[in-house]
Amino acid sequence: MDKDFAARRRRDLIIAAVLAVIAALTPLFVKDVVVQNILILTLMYAGLSQSWNILSGYCGQISLGHALYFGLGAYTTELLFTKFGVLPWFGMLAGGAVSALIAMGLGYPFFRLRGHYFVIATIVIAEIGLLLFHNWEWAGAAMGITIPIRGDSWLKFQFLRTKLPYFYFALALCCLAWFVTWWLEDSKWGFWWRAVKDNPEAAESLGVVVFNSKMGAAAVSAFLVAVGGSFYAQFVSYIDPESVMGFQFSLLMALPAVLGGIGTLWGPVLGAAILIPLTELTRFKFGGSGRGVDLIVYGTLIVLISLALPRGLLSLFSRPKKTGATR
């Protein structure tokens with residue numbers, strides 16, 4: 001392994017550990033419930049965007065249909081809990097497994113598509129999933145599912161008096177997605193994905209199994225996103241198709257990575273740290289006007305930043321290099 005690359009990976013791991021400790025200590029000083037809610041959503045979307053980045057950033061398969069896996073995770077967990085009494089912890093694993101299997105099943109025909117055809121296919125299949133759940137009576141159809149509240153319990157992952165358990169789970173999810181990405185970067189799969197992204201034909205000529213590498217990326221990405229969906233369902237205690245499968249969730253997974261730097265280790269984290277608080281604060285400040293001012297404000301900022309820094313905000317911190325990719 002290149003010495004500079006190895007040193008950079010150690011540095012990334014140390015920085016991540018320091019940031020995780022700082023984040024874990026934040027609730028000791030932040031008591032405002034609104035701020036805690038913003039922190040939870042920021043961490044959750046950082047983890048979701050990092051998961052999306054595995055398939056779309058590293059492997060180059062841009063997906064705008066990840067809301068499907070988010071919703072599948074939420075629905076699998078809550079259907080098992082409300083219909084059969086299965087604890088949410090097991091529901092999360094089941095939701096992740098179901099989403100990974102469906103992602104691979106969809107990948108079989110979809111990974112034969114390229115460019116904007118693949119993007120359109122992901123949007124279409126997510127909308128089909130949304131319509132199916134809108135009309136599935138056993139899953140609550142358009143009325144959704146209300147999760148029964150049975151007091152504060154780690155076993156049932158329900159809390160009424162405090163948001164701190166949700167905060168620490170969101171932090172754990174963010175750290176897990178980041179660490180999985182960090183580990184995969186230096187694995188055989190990470191090198192395969194970058195090769196497939198840069199030039200699929202050249203990668204295949206060198207022995208890379210392009211189709212299998214894409215399937216692996218899709219499975220890992222879908223599993224982590226589904227776990228995030230399961231967490232979100234427990235956090236809000238109510239789900240319906242629009243609230244967990246709407247197109248806005250696909251966008252909110254993609255935008256932090258695009259804003260921070262797609263295909264980079266720190267891009268999704270940086271993007272989420274800026275975009276999600278901005279989204280929530282503008283909604284809190286202007287959302288009640290009914291004129292969409294909140295959407296205009298942060299949408300304009302995203303466009304301006306994208307035009308000024310097409311490689312993402314992370315490019316501000318990168319030094320010019322003769323070889324290697326931006327981290």
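**Figure 1. The whole chain, half in and half out of sight.** Of the 327 residues in the chain, 49% count as buried. Keep in mind that this is a predicted model. The fold is built from 13 helices and two strands. The radius of gyration is 20 Å, close to the 20 Å that the globule rule gives for 327 residues, so the chain is as compact as a globular protein of that length. Laid along its principal axes, the C-alpha trace spans about 55 × 45 × 40 Å. Counting contacts with a separation of 6 or more, 75% join residues 24 or more positions apart.

**Figure 2. The outside of the chain and its charges.** The accessible surface adds up to about 15,800 Å². Carbon and sulfur atoms hold 70% of that area. As for charge, there are 25 positive side chains and 17 negative ones. The centres of these two sets sit 7 Å apart.

**Figure 3. Two of the annotated transmembrane regions.** The unreviewed UniProt entry carries the annotation "transmembrane region" for residues 12-30, 50-72, 84-110, 116-133, 166-184, 215-239, 251-276 and 296-317. Let's pick out two of them. Residues 116-133 are 100% helix and 0% strand in the model, and the C-alpha atoms at the two ends of this span lie 26 Å apart. Residues 251-276 are 77% helix, again with 0% strand. How far apart are the end C-alpha atoms of residues 251-276? They lie 12 Å apart.

**Figure 4. Asn37 and the residues it touches.** Asn37 belongs to helix α2, which runs over residues 33-58. Is Asn37 buried or partly exposed? With a relative accessible area of 22%, Asn37 is partly exposed, because buried means under 20%. Leaving out residues up to four places away in sequence, Asn37 touches Lys163 and Phe235. Asn37 and Lys163 are 126 residues apart in sequence, yet their C-alpha atoms are 7.6 Å apart in space.

**Figure 5. Ala141 and Phe157, two loop residues with positive phi.** Start with Ala141, in the loop between α5 (116-134) and β1 (145-146). Its phi is near 50°, a positive value in a residue other than glycine. Ala141 has a relative accessible area of 7%, so it counts as buried. Now move on to Phe157, in the loop between β1 and α6 (164-185). Phe157 is not a glycine, but it has a positive phi of about 50°. And how accessible is Phe157? Its relative accessibility is 0%, so Phe157 counts as buried.

**Figure 6. Ile147 and its contacts.** Ile147 is found in the loop between β1 and α6. Its relative accessibility is 3%, so Ile147 is buried. Which residues does Ile147 touch, not counting those up to four places away in sequence? Glu78, Phe81 and Gln158 are among them, and so are Ala233, Gln234, Ser237, Tyr238 and Ile239. For a sense of scale, look across to Gly312. Ile147 and Gly312 are 165 residues apart along the chain, and 39 Å separates their C-alpha atoms.

Conventions. Residues numbered from 1 in each chain as written. Predicted model: local features only at pLDDT ≥ 70, side-chain atom pairs only at ≥ 80, totals over all residues. Heavy atoms only, no water. Helix = DSSP H or I, 4+ residues; strand = E, 2+ residues; numbered from the N terminus. Rg over C-alpha atoms; globule rule 2.2 N^0.38 Å. Buried < 20%, exposed > 50% of the residue type's maximum accessible area, 1.4 Å probe, protein only. Contact = heavy atoms within 4.5 Å. Areas by Shrake-Rupley, 256 points an atom, 1.4 Å probe, with all protein chains shown as cover. Lys, Arg positive; Asp, Glu negative; His and termini not counted. Charge placed at Lys NZ, Arg CZ, Asp CG, Glu CD. UniProt positions renumbered as here; feature names shortened; annotations may be inferred.
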